[in-house]
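Dear colleague,

I am passing on the structure we talked about, and you will find it directly below. After it come my notes on a few places that you may wish to look at on your own screen.

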Amino acid sequence: MKVQGDPAHPVTRGFLCAKVAKYLDRVYSPERVLYPMRRVGPKGVGGDGASPRLGGSETRPQSDKFVRISWDEALDEIARRFRHIAAEFGSEAILPYSYGGTIAALNGGSMDRRFFHRLGASQLERTICSNCGEEGIKSVYGIKLGTEPEQFRHSKYIIAWGANIHGNNVHLWPFIEEARRQGARLVVIDPYRTRTAGCADWHLPINLGTDAALALGMMHVIINESLYDADYVARYALGFDQLRQKVQEYPPQRVAQWTGIAAEDIVKLAREYATTRPAAIRLNYGVQRSERGGMSVRTVCMLPCLTGSWKELGGGLQLSLSGAFQLNKENLQRPDLMSVSPLRRQARTINMVELGKALTELKEPPVKALFVYNSNPAAVAPNHNLVVRGLMRPDLFTVVHEQFFTDTTDYADIVLPATTFFEHKDLQPAYGHYYLQVSQQAIEPLGECRSNVETFRALAQHMGFEDECFRESVDAMIDGALQSANPWLQGIDRQLLEREAHVRLNFDPACVGTELRSVQAGRSPASTRPATGQGPGATQESSDPSPFLPFAEGNFATPSGKAEFYSEELAKQGLDPVASFTPPEESRHSERARRFPLELLARKSDNFLNSSFANLPVLQKMEDTHVLDLSAADAQARGIQDGSQVRVFNDRGEAVLRARVNGAVRPGTVSARLNWAKLSSGGASINVLTSERLTDMGRGATFYSALVEVEAFCGRERSGSPQPKS
């Protein structure tokens, strides 16, 4: 078998990222979970709950920890335990936990949601990754849309704002290189010297969590020097007068004190961005992983509205394009089943960022059962020590549906074998381009692996659920997802997707403006006629489609229909209805910095996908995860040498890492990379240092708002040990 990119795809164009290029190593790994397993030994990574040493951890089950059982035995036990827990504590004592381990319409969220809705289980608020940024962009545009990647080739000025394109958005990179060959300038705003920053024409290292201040400082210059598009603003924006007044509070000299970027550089950046046309911003989700992340995204999203760059081919901004797809989630997830659950109402909701609190503090009822799939919370959830303390509870019944024996399976009572996307069929929307496709099953499931769809279908049967939706076929579920009021799906059905490798959404330039609010509201607009080179005809055989410029003539999906520099919705939430900057509670500008003076960037690894792929030897060789980047000034002040062992700590936990002093970060910032806890030094994930504090919008995770101290390590290894809570 061979894995290769589709050369006819307009965006991926025949090449794969390093992760997917090695996907067969994942599918056929000897460490795959292939059969249902029941725990027979104590919970914990060392068999007795002790943390392993690096290199001594197990990514395969040991006979004294798990025994193989049949699927019927596993499902019977799960059903029996669920019934018992629901009878004693109520069905809300059962909690599902999932996110993006399998990103697709069906296996990402369909039969599983039906099952837990029908069961009456607690609902999960899935906000750990992108919800804060989504709320930020929608506060200005009303919908998650943006510049399609193909248009970046036409840009003359590109800002990669918190976006490591060369490492994590590799299919956009050729379009940027094409633009640069034609004279475009690439500017990177990032606290870390990423691979993209190393390739840029200009890298502006910024202090963590201060992006809103920088955007406000840029707008101060653009407005005061009359570099904005007055006609576009007058026609298509709401609240310009309030914005003009607000930015007077953010002169470049003041912004420089927060951001660490010189005032003259802020002025230069603002002028170049506003006067070089077309200019595009590639904004990524790292910006919203700080305490005021929603406001940061909001302010950056104002910039192309202020300059009118949405009018231009190669202008605008891209954060996420997923708002264009609008599949029928009601058909897929069946929230109406909650009305026939034992509760006869909507269940309580638990935020996934606060898993540690949910497992250790929540009452009425307490969480007594946890079903984990599409996620590895023992690695990715913040405040790792508290999460592990909850997972270690002897009275917590935990089921994990997984492809590998991860950090989370170390605390599971039942482990179920999961398929990879090679082993099941699914419908694949996107968030980085506007093409929809069906991914066909390529091979039979290995061992006794089952997809999420089939697992929850079978579990529903064992629970005695007789609702017809649990017998719906995969093809029927895809059909139901495509039965959407979204006009951009008109003419796209499963049969077309099965014939064509990819199908572009059905954009119609003649009516696209009137469609935006209709799409967001799930209503069909007056006109949805397909245009030449668009929609279902715009497959690999057709000519290049017409460019999609969603906001060229305004028509934003906000309540006002305009780009909202002033938002009544934010005012109702108690937030600044225009924009503002307040330093995070954990930042160099806070009182807490007296104890822990260094800002931690707990960044993603370039060659892993969050915690996925972290266990593959071929990718481990490409990634150095056991290091702490720190500046020469911070190292010298602490007597730390490049390559020496250091202890990085705060009052939530600690980790022992190897110091790397190479100029990747500026003074006051340190950086370490996410990895599995049991594959890390001392068994400590970097998330021992992060908190469960939620973001200002969208109740997301604040991974990048964490303060630490660092010292030379010269004693016993205590990594990961819980510290007193502040």
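Strand E20 runs parallel to strand E22 (residues 654–660), to which 3 bridges join it, and 2 further bridges join E20 to E23, in this case with the two strands running antiparallel. Please keep in mind throughout that this is a predicted model.

Within E20, Asp629 is a convenient residue from which to view both pairings, since it stands opposite Arg660 in E22 and has Ser671 as its bridge partner in E23. Strand E20 itself (residues 627–630) is covered on both faces, with Val627 and Asp629 buried on one side and Leu628 and Leu630 buried on the other.

From E23 the chain leads on to the next place I looked at, for Glu692 sits in the loop between strand E23 (669–673) and strand E24 (707–712). What is the nearest side chain of opposite charge to Glu692, and how far away is it? It is that of Lys357, at 4.6 Å, and Glu692, although buried, has no salt bridge. A salt bridge is counted here when a side-chain nitrogen of Lys or Arg lies within 4 Å of a carboxyl oxygen of Asp or Glu, which is why the pair with Lys357, at 4.6 Å, does not qualify.

The side chain of Glu692 does, however, reach backbone atoms: the backbone nitrogen of Gly356 at 3.1 Å, and the backbone nitrogen of Lys357, likewise at 3.1 Å. Leaving aside residues up to four places away in sequence, Glu692 touches Val353, Glu354, Leu355, Gly356 and Lys357, together with Pro382, Asn383 and Leu386.

The last region is an open sheet of 5 strands, which has the order E7-E6-E5-E9-E10 and parallel pairing. Its edge strands, each of which pairs on one side only, are E7 (202–204) and E10 (316–318), and neighbouring strands of the sheet are turned against each other by 15° on average, with direction ignored. As a reminder, strands of a sheet pair through backbone hydrogen bonds, either parallel or antiparallel.

Inside this sheet, strand E5 (residues 157–161) is joined by 5 bridges to strand E6 (residues 185–189), and the two run parallel; the bridge partner of Ile158 in E6 is Leu186. Helix H14 (residues 263–275) lies across E5, E6, E7 and strand E9 (279–283), and it runs at about 125° to E7.

With best wishes

Conventions:
Residues are numbered from 1 along each chain as its sequence is written. This is a predicted model: local features need pLDDT of at least 70, side-chain atom pairs count only at pLDDT 80 or more; totals for chains, interfaces and linings use all residues. Side-chain values use heavy atoms; hydrogens and water are left out. Two strands pair if DSSP finds at least two bridges between them. Helices (H or I, at least four residues) and strands (E, at least two) are DSSP runs, numbered from the N terminus. Axes are lines fitted to C-alpha atoms, for helices over the stretch in contact, and angles run from 0 to 180 degrees between N-to-C directions. Contact means heavy atoms within 4.5 Å. Buried means under 20% relative accessible area, exposed over 50%, partly exposed in between (1.4 Å probe, protein chains only). Lys and Arg count as positive and Asp and Glu as negative; His and the chain ends are not counted. A polar contact is a pair of N or O atoms within 3.5 Å; within protein, one must be able to donate a hydrogen and the other to accept it, and residues adjacent in sequence count only if both atoms are side-chain atoms.
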